[in-house]
Amino acid sequence: NAKATAQAVNSSPAPVAPSSKPDAMRVLITRPRADAESLAARFHARGHTTFIEPLIDIVYLDGPPLDLTGVQALAFTSANGARAAARRTSSRTIPVIAVGPTTAAEARAQNFTTVSESAGEGVDGLSHHIQATLRPAAGAVLHVTGTVTAGDLKGSLAKAGFSVTTARAYEAHAVDALSGSLTAELSSGLIDAATFFSPRTASLFAALVADKNLEPACRGMTALTLSEAVAKALHPLEFRAVRTARAPTAEGLLALLT
C-alpha cells in the first residue's frame, strides 16, 4: 500500500546534525528517501540541519530481465532509472547514457562501467547528447524509466532515425498529505529553506501546502530549485526568495546556500 508506506516514511524525520554556526539553516528535503538521505549528509557537513519529507515514494517493479537483444545503449532519465535497470539486468558493460551528473553517478554506483552523461538539461539535452554520440544503425536505445515520464525521448530520437524501446521499471507514488511533524514545523516557522528537484514534486508541495492552509509559512522560507521549470511549478506559493541552481545538479543546488 503506497499510501501507508509513504505515511510510515514521513512519520518520523531523519536525525539532524546539530550546529552552532550562526548562519545554519533548517532545510526541508522533499526527495525520495534514497536520494534525500545522501543529500542531507551533505547539508549537515556544511553546518545545516535537515528535515526529510519524501513527497514521492519509489516502488520498483518486478519483471523479467531487460531484453538487450539489438540494444546498443541504455538511457536513464533519473537515478531511479539506473537503480531499476540494475535490478533487472546483470549486464554492467552495456553503454549507459545518463541525463546528467547525478544520474551518471548513480549508474556508476550500480557498477555500470561505460557511462556517458548529457551536458544539457532534461530530456531535450539527453536526446541531443545521444544523437551526437550514437549512430541509429548501431542498434536500439532502451529507455529505462518510470510509469510516468517527463518529456518524449522516444519521439525526439525517432525523428533522428533512432529506434527506441521503453522499459517502465518503477512507479513514483505521490503522498496525499503532509506529515503531522512537517505541518508542525511549518506552522512554527522552523523551516528556513526547502529543496525541489522536479516540477512534479514542486507542484505537489504547492498543492499539499494549500490543503493545510500553510501558504503563509512559505513567505518566511527560501525555495532552492534545480531549474526554472521547477521554480515555476511552485506557483502560486510565495516565498521569501526563490533561487535556481546555475547547473541542474545537487552540487548546483547546494551552492545556493553558500
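A salt bridge is a side-chain nitrogen of Lys or Arg within 4 Å of a carboxyl oxygen of Asp or Glu. Keep that in mind for this structure, which is a predicted model.

By that rule, the count here comes to eight salt bridges. Three residues, Asp35, Arg83 and Glu106, are linked in a network of them. Take one pair from it: between glutamate 106 and arginine 83, the closest N and O atoms are 3.4 Å apart. Glutamate 106 sits in helix 4 and arginine 83 in helix 3, so this pair ties together parts that are 23 residues apart in sequence.

Are these two residues buried or exposed? Buried means under 20% relative accessible area. Glutamate 106 has 15%, so it is buried, and arginine 83, at 13%, is buried too.

Now compare arginine 87, also in helix 3. Its side chain meets that of aspartate 62 in a salt bridge, at 3.6 Å from N to O. Aspartate 62 is in the loop between strand 3 and strand 4, 25 residues away. Exposed means over 50%; arginine 87 has 52% relative accessibility, so it counts as exposed. Aspartate 62, at 72%, is exposed as well.

Helix 3 as a whole, residues 79-88, is mostly covered, with nine of its ten residues buried. Among the elements covering those buried residues are helix 2, helix 4 and strand 8.

Last, the nonpolar part. The largest nonpolar core has 65 residues, and Phe76, Phe112 and Phe205 touch the most other members. Helix 8, residues 199-211, gives the most to this core, with six residues. A second, separate core has 13 residues, including Ala73 and Val164.

Conventions. Residues numbered from 1 in each chain as written. Predicted model: local features only at pLDDT ≥ 70, side-chain atom pairs only at ≥ 80, totals over all residues. Heavy atoms only, no water. Buried < 20%, exposed > 50% of the residue type's maximum accessible area, 1.4 Å probe, protein only. Helix = DSSP H or I, 4+ residues; strand = E, 2+ residues; numbered from the N terminus. Contact = heavy atoms within 4.5 Å. Core = buried A, V, L, I, M, F, W, Y, C linked by side-chain atoms within 4.5 Å.
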